[in-house]
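I opened the model to look up its sheet, one helix and its cysteines. My entries follow.

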Amino acid sequence: MQCVVTSPPYYGLRDYGVAGQLGLEPTPEEYVANLVSVFREVWRVMKDDGVLWVNVGDSYAGSCQTGGTNSKETGKREKRMFDVSKSKRNVSRYGGGNLPATDGLKPKDLIGIPWMVAFALRADGWYLRSDIIWSKPNPMPESVTDRPTKAHEYLFLLTKSPRYYYDVDAIKEPVTDTSMDRYSLDIENQTGSARIPGKTNGNMKAVLPRYGGNKYTADPAVFNRTKSGNAYDFRPLRNKRSVWEIATQPTSYAHFATYPEKLVEPCILAGSRPGDLILDPFAGSGTTGRVAIRHGRKFIGTELNFKYIAEISHTRLTVNPMLF
């Protein structure tokens, strides 16, 4: 198995009504320990150059007696109270649910679940390579008045080895408009600026990005080549940044935690080749598999809730994912 893209049940989100489910542990530490155990099995079956992408949301410590949980995509309110360790709690995936305070946490503290998971996986042997901010331009509104509305989640890139498969070109993005303006300048005929006192290598000019070598050339008078000899060619694409602005994606399916396909797509394109096997150990409604199949990958998913498999995943993965 080459690549894993997954979003485990968030801590304290809701009761899915299935024995053995994650997310209802009495403490954050137990939740994190259970996730580490799951991903230890992922490690066992993953290729040495494989990659793991994990989307995890956060929660707040404290108590709450009213309201309900929010669907990430539909915005529908789902009234659901449940009992964990004899303590009623009510949580929201968007706002970060309010949970019973635990040791070391004060009521209303942001727990930091994503980073607890990331650090625990790193301690267990995974290489923590990147933290990606999933910025949501259409977050669910919150009735809070003492903090900003939560409009982002984390996506972590972890690997089994220091050297791994990552297709940087597959997910490059267009350069900014300001960079395009700089590319269009007549560099050779610019006067430039000599605003630095004592500057001896000519006026400063707006130059193109340097590729293929050190920042400065061997000859300061030559500004169109690097030490490696590569020219400063026009590059309309740049390396993908670590903030991904992706709107939540509406769905008609009865699943309250579906992440958008556009979040999954760059993970699969960068982390695998056509024909590679993709795994989602928390398959849910089958979004990861849907994107994997569309891009010519193979897919395996595991899911505790048989209803999701029978009524949602099976339909989404068999009714030609290439058409949607």
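**Sheet**

I started at one end: strands 14 and 15 pair in the parallel sense, over four bridges. Two strands count as paired if DSSP finds at least two bridges between them. Helices (H or I, at least four residues) and strands (E, at least two) are DSSP runs, numbered from the N terminus. I picked out one bridge: L277 is matched by K298 in strand 15.

Basis, for the record: this is a predicted model, where local features need pLDDT of at least 70 and side-chain atom pairs pLDDT 80 or more, while totals for chains, interfaces and linings use all residues. Residues are numbered from 1 along each chain as its sequence is written, and side-chain values use heavy atoms, without hydrogens and water.

Next I traced the whole sheet. It is open and mixed, with seven strands in the order 13-9-10-2-1-14-15. Strand 13 (243-245) and strand 15 (298-301) are the edges; each has a single partner strand, so one side of each lacks a neighbour in the sheet. I noted an average twist of 20 degrees from one strand to the next.

**Helices on the sheet**

I then checked what packs there, taking contact as heavy atoms within 4.5 Å. Helix 5 (residues 287-294) touches strand 1, strand 14 and strand 15. Its direction makes about 170 degrees with that of strand 15. Axes are lines fitted to C-alpha atoms, for helices over the stretch in contact; angles run from 0 to 180 degrees between N-to-C directions.

**Helix 1**

I looked at helix 1 (residues 28-45) on its own. Its 18 residues reach 27 Å from first C-alpha to last, close to the 26 Å expected. The expected span is 1.5 Å times one less than the number of residues.

Which residues of helix 1 are buried? I listed P28, Y31, V32, L35, V36, F39 and V42. Buried means under 20% relative accessible area, exposed over 50%, partly exposed in between (1.4 Å probe, protein chains only). Seen down the axis, the buried residues of helix 1 fall within an arc of 135 degrees, so they line one face. The arc is taken from the directions from the helix axis to the C-beta atoms. These buried residues pack against strand 1 (3-6), strand 2 (51-56), helix 2 (113-123) and strand 14 (277-280).

**Cysteines**

I searched for disulfides, meaning cysteine sulfur pairs within 2.5 Å. The count is zero. The sulfur of C3 has its closest cysteine sulfur in C267, 7.2 Å away, too far for a bond. C3 is buried at 0% relative accessibility. C267 is buried with a relative accessible area of 0%.
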